[in-house]
Structures are given as C-alpha cells and as structure tokens.
Amino acid sequence: MNLEQLGSFVEVARLGNFTRAAEQLHLAQPSLSRQIAALEADLGAELFLRARGGSRLTAAGESLLPLARRMLADAESARRELAELAGLQRGAVRLGATPTLCISLVAEVLAVFHAAHPNVELHLSEQGSRQLLDELEAGELDIALITTSDSASTQRHTVTPLLVEELVVVSSAAAPPITTREAVRLDDVAALPQIVFAESYDLRSTTDAAFRTAALAPHVVLEGAQMDAVLRFVELGLGVAIVPAMVLIDRPQLRSVRLEDPSLTRTISVAHPAGVTLAAAVGALQRTIEGTAAGFAASAGESMRAV
C-alpha cells in the first residue's frame, strides 16, 4: 500500500467512476484499475462494487476512506513542513471561511498575516460552514473559519470557539431609524420590508428558524442575495436585513439596532482536521486568527465577546 494507491482510491470514491477518476489523475484507466487491484490485494478486501453506471464503496471501502484521507493529509503536511524548513518553497496555506467572515474578520486576518509573512502563498475557499467542514475532511483545506458545528463535526475536526456575536437589524443611515429604542423586537422586524440571504447561507437558516419558532411570517421584499449585495441594497433603502454585527465595520451608510425577544447570536470558530499536525505556516495563520478575533471582541462593545 502506498500514497499513490491511496490517492487513486480516494479519487475513485469521490467521483464514483473509474473513467472520470483516471481523467482527473491523468492516468490511463488500466493503470488506475491496476493500482486499485494492488491496493485490494494488499488489504485482502474488495473496496468497490463495480457496475455499468459507476462504482460504489463496499463496507471495507467505507472504513478505509477516512483513514486514507487522513494519511494523505498528513503526508502533504509533512511534505510542506519539510520543504519550508529546507527553504525549498515559500509556504502555502489553504484557508476556508464563510461569506460573512470573508468581508470582515478574514480581510483583517489576511492583511495582518501577509504583512508578517509576505512570502507565504494564500488560497481562500468561500463556502458555507458545512461545505468547509467537508473540504477539511477531504484534505482540500488546512484550516477554516466556520459559524456552525455539531457533535459529529467535532469528532472529525478540532473546533475552537473564538467569538460569540450578536445578529443585528440594519437599515439605511439615510432613512429614518426603524425604532427610537435601543433594541427592536423580532415581531416588529417581521412587519418591515426585509432583504434575506440565499438559502445556502447559515444566517438564512438561523433567521428562518427564529421566525418559525415565533410563529411569524416576515415581509420579504427580496431574497436570494449574497452578503455584499444585501448590504448595498439596505444602504439604498430597499429594506432592512438581519446580519452579524461584524459586517458593519467601515459601513457608515448603515444604521444598526440590536434584537431582543429573542436576541440571536452565532459562534465563530476555527477548525482544522483532528489528529493532523499543522504545518508551520498554518500554525502561524491560526495564531493570527486568534489574535485578530480577540482584537475584534475588545473593540466591538456589547455586540461581540471572546469565548
């Protein structure tokens, strides 16, 4: 059993098809088939059930898949760590983050990190939290900033909470305030023209659940937008939106008010694959993330606190 065979096995498992996997790996299909056959012979178990429509994992294949992914991730971490120490490359980090964090915390993190480590190459994946956790498990990311996690996720990843942040209601600073009070109730928000995110956003799930629990039907005037578009639409007075307090940084054209009855919060965490030793550049980025998050909490007042 070798890393090349494991890499071929993981690619066939991902695509469910030997022909497509061979194309992705730039191998002739007979060569790929021989690699898988040799791996099965070494392990003494059949890994795939082959059919005309594709291939699916056997029970043995299902057991091997997470182990193979971890072994490949460990090998890649070791290779990059040794290359960095030997001065053979400048280093690289693959970071994942949710869209709302990319326009706030991540922008500050990357600016600070790049100033301190200008020769480290950075790659960013902007996805929802569930997709980021999947990418971490598949070895496609080194580290990720997420806003959701569950018990199943923490068994496969090391998840460290950083911040607890309030969701606030934003409106155009050019329009009259939506309330003269310090906070606004969710039932009052439901009656306002509202701009809501695409269903892929974790925030959309959170706010939809809050309205359902309160038996409220929000007055939606526009849905399906991404974060930058939502904020711009609110600035132009098309409606209000429920957003994380963090995104208001450097947005003087927006006015915010806190939510009450109920208040809504989200936890921001940093995650990396469990049991994988972090490369030097990844560890440096994690320390930058933790320091920047602490700075955000210290300057944000009541809307955010460090965990």
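Which helix gives the most to the lining of the largest cavity? I started my notes there, keeping in mind that this is a predicted model.

**Entry 1: cavities**

I looked up the closed spaces and found 2 cavities of 30 Å³ or more. The largest cavity comes out at about 90 Å³. I then checked who sits around the middle: 13 residues line the largest cavity, and the closest to its centre are Ser 77, Leu 141, Asp 142, Pro 273 and Val 276. My opening question goes to helix H4, residues 59-86, which gives the most to this lining with 4 residues. I sorted the lining of the largest cavity by class and got 7 nonpolar, 2 polar and 4 charged residues.

Next I turned to the second largest cavity, which holds about 50 Å³ of space. Its lining is made of Gln 194, Ile 195, Val 196, Phe 197, Leu 203, Arg 204, Thr 207 and Ile 242. Strand S8 (194-197) and helix H10 (202-213) are the elements that give two or more residues to this lining. I noted S8 as the element that gives the most here, with 4 residues. The class split for the second largest cavity is 5 nonpolar, 2 polar and 1 charged.

A reminder to myself on the method: rolling a probe the size of a water molecule over the atoms shows where empty space is left.

**Entry 2: pockets**

I went on to the open spaces. The largest pocket has about 280 Å³ of space. I listed its lining as Val 10, Glu 11, Arg 14, Arg 69, Leu 72, Ala 73, Glu 76, Arg 94, Ala 138, Gly 139 and Glu 140. H1 and H4 are the elements that supply two or more of these residues. H4 has the largest share of the lining, 4 residues. By class I have 4 nonpolar, 1 polar and 6 charged residues around the largest pocket.

The second largest pocket has a volume of about 160 Å³. Of the 13 residues that line this pocket, Pro 66, Arg 70, Glu 137, Arg 156 and Pro 273 are the closest to its centre. I had already met Pro 273 among the residues closest to the centre of the largest cavity. H4 and helix H7 (129-137) each supply at least two residues of the lining of the second largest pocket, and H4 gives the most, with 5 residues. Its lining has 7 nonpolar, 2 polar and 4 charged residues.

**Entry 3: helix H3 and its partners**

How do H1 and H3 cross? I found that the axes of helix H1 (residues 3-15) and H3 come within 9 Å and cross at roughly 110°. That makes H1 roughly perpendicular to H3. From H1, the contact uses Glu 4, Gln 5, Leu 6, Ser 8, Phe 9 and Val 12, and from H3 it uses Leu 32, Gln 35, Ile 36, Ala 38, Leu 39 and Asp 42. I counted this contact by class as 7 nonpolar, 3 polar and 2 charged residues.

I then took the other partner. Helix H2 (residues 18-25) packs against helix H3 (residues 29-43) at about 105°, with the axes 9 Å apart. H2 and H3 are therefore roughly perpendicular to each other. Phe 18, Thr 19, Ala 21, Ala 22 and Leu 25 of H2 make the contact with Gln 29, Leu 32, Ser 33 and Ile 36 of H3. The classes here are 6 nonpolar, 3 polar and no charged residues.

**Entry 4: odd backbone spots**

Which phi does His 26 have? I noted a positive phi of about 60° for His 26, although it is not a glycine. For context, most residues other than glycine have a negative phi. His 26 is in the loop between H2 and H3. At 73% relative accessibility, His 26 counts as exposed, because the cut-off is over 50%.

Ala 215 also went on my list: its phi is positive at about 55°, and it is not a glycine. I placed Ala 215 in the loop between H10 and strand S9 (220-225). With 70% relative accessibility, Ala 215 counts as exposed.

**Entry 5: Ser 269**

Is Ser 269 buried or exposed? I found Ser 269 in strand S12 (residues 265-273). Its relative accessibility is 4%, so Ser 269 counts as buried. Leaving aside neighbours within four places in sequence, I found Ser 269 in contact with Ala 144, Leu 145, Ile 146, Val 159, Thr 160, Pro 161 and Leu 162.

Note on methods: Residues numbered from 1 in each chain as written. Predicted model: local features only at pLDDT ≥ 70, side-chain atom pairs only at ≥ 80, totals over all residues. Heavy atoms only, no water. Axes fitted to C-alpha atoms, helices over the stretch in contact; angles between N-to-C directions. Parallel < 35°, antiparallel > 145°, perpendicular 65-115°, else oblique. Contact = heavy atoms within 4.5 Å. Nonpolar A, V, L, I, M, F, W, Y, C, P; charged D, E, K, R; others polar. 1 Å grid on protein atoms, 1.4 Å probe; cavity = no way out; pocket = protein on both sides within 12 Å on 5 of 7 lines; lining within 4 Å. Points joined across faces, edges and corners; volume = space filled by probe spheres on them. Buried < 20%, exposed > 50% of the residue type's maximum accessible area, 1.4 Å probe, protein only.
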